[in-house]
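Reader: I would like to learn how to read a model of this kind step by step, beginning with its surface and ending with single residues. Could we take the features in turn, with the general idea stated before each case?

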Amino acid sequence: GIGFLDHMLEQISRHGLFDLTIKAKGDLHIDAHHTVEDIGITLGQAFSKAMGDDRKGIRRYANAFVPLDEALSRVVIDISGRPGLEFDAQFTRARVGEFDVDLIHEFFQGFVNHANVTLHVDNIKGDNSHHQAETIFKAFGRALREAVEIDERVKGTPSTKGSL
């Protein structure tokens with residue numbers, strides 16, 4: 001029921017090569033805040049579960065830069081076992097259609113807290129809030145895909161400590 005968020009989730013799926021089916025029901029009669037946050041939380045939980053406790057063989061670290069016309073974003077991820085979010089995006093408008101762009105931060109905060117990953121999101125430039133957001137979500141999908149890919153050269157858990 002949140003068209004712009006649906007569009008952004010499609011970017012994660014398409015550019016991350018993840019099959020996503022998300023059904024959410026929320027208190028949209030109030031606003032989209034809880035629904036957006038809950039989708040981030042649930043998606044984070046799903047990724048954490050899919051990676052397993054030991055996260056053996058994954059690449060762990062990844063980054064992606066994605067342009068869209070005048071906008072450019074960078075996302076860097078560490079499947080670290082520790083939640084952390086650094087989010088730097090100065091959107092040029094407060095809303096894209098009916099969607100409050102502040103909720104993008106809430107989505108990613110929910111994701112990192114429940115996927116236990118460290119995520120750096122930087123919108124480097126952009127004049128169009130829609131483009132800014134879209135580059136963030138596309139870059140996130142691409143970085144997440146690379147970080148969770150199995151690399152046959154990685155033996156065991158990708159950590160010198162032996163655990164994440």
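Author: We begin with the surface, where accessible areas come from the Shrake-Rupley method with a 1.4 Å probe. The model is a predicted one, and for its chain the accessible surface comes to about 8700 Å², with 47% of that area belonging to carbon and sulfur atoms.

Reader: What percentage of the 164 residues counts as buried?

Author: A residue is called buried when its relative accessible area is under 20%, and exposed when that value is over 50%. By this reading, 47% of the 164 residues of the chain count as buried.

Reader: How does the radius of gyration of the chain stand against that of a compact globule?

Author: The general idea is to set the value against a rule, namely 2.2 Å times the number of residues to the power 0.38. Because a compact globule with 164 residues would have a radius of gyration near 15 Å, the 16 Å found for this chain agrees with that expectation. The C-alpha trace spans about 45 × 35 × 25 Å along its principal axes, and of the contacts with a separation of 6 or more, 78% are between residues 24 or more positions apart.

Reader: Which pattern of helices and strands does the chain follow along the sequence?

Author: The chain has four helices and six strands, and read along the sequence they give the pattern α-α-β-β-β-β-β-α-β-α.

Reader: Where strand 6 pairs with strand 2 and with strand 3, which pairing is parallel and which antiparallel?

Author: Two strands are said to pair if at least two bridges are found between them. Strand 2 (residues 71-78) and strand 6 (residues 118-125) run antiparallel and are joined by seven bridges, and within this pairing Val 76 stands opposite His 120. Strand 3 (residues 84-88), by contrast, runs parallel to strand 6, with five bridges joining them, and here Gly 84 has Thr 118 as its bridge partner.

Reader: Which values of phi deserve a second look in the loops, taking Leu 17 and Arg 60 as the cases?

Author: The cases to look for here are positive values in residues other than glycine. Leu 17 has a positive phi of about 60° and is placed in the loop between helix 1 (3-16) and helix 2 (33-51); Arg 60, in the loop between helix 2 and strand 1 (61-68), has a positive phi near 80°.

Reader: Are Leu 17 and Arg 60 buried or exposed?

Author: Leu 17 has a relative accessibility of 62% and therefore counts as exposed, whereas Arg 60, with a relative accessible area of 9%, is buried.

Reader: What does Gly 110 contact, beyond its neighbours within four places in sequence?

Author: Contact is taken to mean heavy atoms within 4.5 Å. Gly 110 lies in helix 3 (residues 102-115), counts as buried because its relative accessibility is 5%, and, once those neighbours are left aside, is in contact with Glu 37, Gly 40 and Ile 41. Its C-alpha is 7.0 Å in space from that of Gly 44, although Gly 110 and Gly 44 are 66 residues apart in sequence.

Reader: And which residues does Ser 129 contact on the same reading?

Author: Ser 129 lies in helix 4 (residues 129-148), and at 0% relative accessibility it counts as buried. Leaving aside its neighbours within four places in sequence, Ser 129 is in contact with Phe 91, Thr 92, Arg 93 and Val 96.

Definitions and conventions
Residues numbered from 1 in each chain as written. Predicted model: local features only at pLDDT ≥ 70, side-chain atom pairs only at ≥ 80, totals over all residues. Heavy atoms only, no water. Helix = DSSP H or I, 4+ residues; strand = E, 2+ residues; numbered from the N terminus. Buried < 20%, exposed > 50% of the residue type's maximum accessible area, 1.4 Å probe, protein only.
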